[in-house]
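Hi,

Here's the structure I promised to send over. Have a look at it first, and my notes on what turned up are underneath.

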Amino acid sequence: MKTIDSLGDLTGKKVLVRSDLNVPLDGTTITDDGRVRASVPTIQKLLDAGAAVIVTAHLGRPGGEPKPEYSLAPAAARLAEVLGRPVTLAKDLVGDSAKETVAALESGQVAMLENVRYDKRETSKVDEERAELAKELAAFADVFVSDGFGVVHRKQASVYDVAQILPAAAGLLVQKEVESLSRATTNPERPYAVVLGGSKVSDKLGVIGNLLTKADRLLIGGGMVFTFLAAKGYSVGSSLLEQDQIDTVKGYLATAEENGVEIVLPTDIEVADKFAADAEHKTVAADAIPEGWMGLDIGPESAALFASKIADAKTIVWNGPMGVFEFEAFEGGTRGVAQAMIDADGFSVVGGGDSAAAVRRLGYDEGGFSHISTGGGASLELLEGKVLPGLAVLED
Ligand code: ADP
Ligand code: MG
């Protein structure tokens, strides 16, 4: 993969940077600025190299037309604060305002174009339409730096097509994401433990399939665990169950056995009488979930068991919360895994949007992990072993 250094001397050059600034908003207030902060090192490096930086990014799904509630204004303001220098936001993407803003831009300065998804060509399935927008974006700059890891699995104009027009390279964030996730999927140091949770088995088929034969230990929690428990013949009450995946899961259990992969399932479950923060709840054995109760977290004994399987692992990949961590009563399992990863000496990677959100929401120090991915879908696709179009286009 080409890196920024391959672009040569950037003094006086205009650099178009695709960042991922798709932050959660409450009105115009950013509730988690992780992605803004993660985009800073690349922009700073380019400024230090004497370049003028033009940032392009998306926010939400405005559906291909300008909508004020999807303006990048809050992200531009936050970026300016973190960078400690002004960020000029154009009023449009490739129109008069963008052209004027870019024309006035000098070395060491930062401009941002409005939401790239204000233009329906960005996500068009028609190659020529995307290429047309990419050409207009490319006209603003001398080189392109792809740093929006959260979108590299998308074949979109500002991610894929523009990289075919301008000399292109991966930014520092994309580089770090790819290095970390590859280290965890290709030749991992062993023992290699994979912790999987989240809502459904069917969301994670590709990930389970790819990691099943690579890991030494596969720890299963979250909503998907009930399909595993059902495959073992246990009754799961009214827990999340994918009846149509039971055979698939039986196949996983058999493959694991053949390959000597240890599958670790919870021994106890925190069950609730309803799906609510104030539900009545109790801990029961995993093979004794009562009728009418639903499992919303792994139990404390399981959390300790999982922690012990993480403690001595040299590589740990975690995707998917162990329970409904959004409710305080059911955050224990997710806490157990997060803390065990922080305490472990091994290389620890968190992939998946909700898992990363859980780490921050529960107040853990992000520095305690080797890597927390900024990309939900993109990190899952890398863990699945897929070729991502936005990365393939950056190969030498
Ligand atoms: P990620 O985004 O990290 O890949 P997912 O999107 O697969 O994770 O799953 C996250 C969601 O799974 C969370 O919102 C959480 O509440 C839910 N979840 C976890 N355990 C359960 C459970 N036992 N029952 C229902 N939902 C669950
Ligand atoms: Mg998710």
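Gly-84, just after helix H2, takes a positive phi of about 75°. One caveat before going on: this is a predicted model, so please read everything below in that light.

Helix H2 itself covers residues 73-83. Its buried residues are Pro-74, Ala-75, Ala-76, Leu-79, Ala-80 and Leu-83. What sits over them? The cover for the buried residues of H2 includes helix H1 (34-48) along with four strands: E2 (25-26), E3 (29-30), E5 (87-89) and E6 (110-112).

Another helix you might like to click on is H6, residues 172-183. Its 12 residues should span 16 Å at 1.5 Å a residue, and since the end C-alpha atoms are 16 Å apart, the model agrees with that expectation. On H6, the buried residues are Leu-173, Val-174, Glu-177, Val-178, Ser-180 and Leu-181, so do note that a glutamate, Glu-177, is on that list.

Then there's Gly-323. You'll find Gly-323 in the loop between strand E15 (315-319) and helix H11 (332-343). Is Gly-323 buried or exposed? With a relative accessibility of 13%, Gly-323 counts as buried, because the cut-off for that is under 20%. Leaving aside residues up to four places away in sequence, Gly-323 touches Gly-222, Leu-296, Asp-297, Phe-330 and Thr-334. Val-225 is 98 residues from Gly-323 in sequence, yet their C-alpha atoms are 9.9 Å apart in space.

Now for the chain as a whole. It has 14 helices and 17 strands. The C-alpha trace spans about 70 × 45 × 40 Å along its principal axes. How does the radius of gyration fit the 396 residues? A compact globule with that many residues would come out near 21 Å, and the chain has 23 Å, which agrees.

As for packing, 56% of the 396 residues count as buried. Among contacts with a separation of 6 or more, 73% come from residues 24 or more positions apart.

On the outside, the accessible surface of the chain is about 16,000 Å², and carbon and sulfur atoms account for 48% of that. Charges next: there are 38 positive and 58 negative ones, with mean positions 4 Å apart.

Cheers

How values were computed. Residues numbered from 1 in each chain as written. Chains lettered and ligands numbered in written order. Predicted model: local features only at pLDDT ≥ 70, side-chain atom pairs only at ≥ 80, totals over all residues. Heavy atoms only, no water. Helix = DSSP H or I, 4+ residues; strand = E, 2+ residues; numbered from the N terminus. Rg over C-alpha atoms; globule rule 2.2 N^0.38 Å. Buried < 20%, exposed > 50% of the residue type's maximum accessible area, 1.4 Å probe, protein only. Contact = heavy atoms within 4.5 Å. Areas by Shrake-Rupley, 256 points an atom, 1.4 Å probe, with all protein chains shown as cover. Lys, Arg positive; Asp, Glu negative; His and termini not counted. Charge placed at Lys NZ, Arg CZ, Asp CG, Glu CD. Expected span 1.5 Å × (residues − 1).
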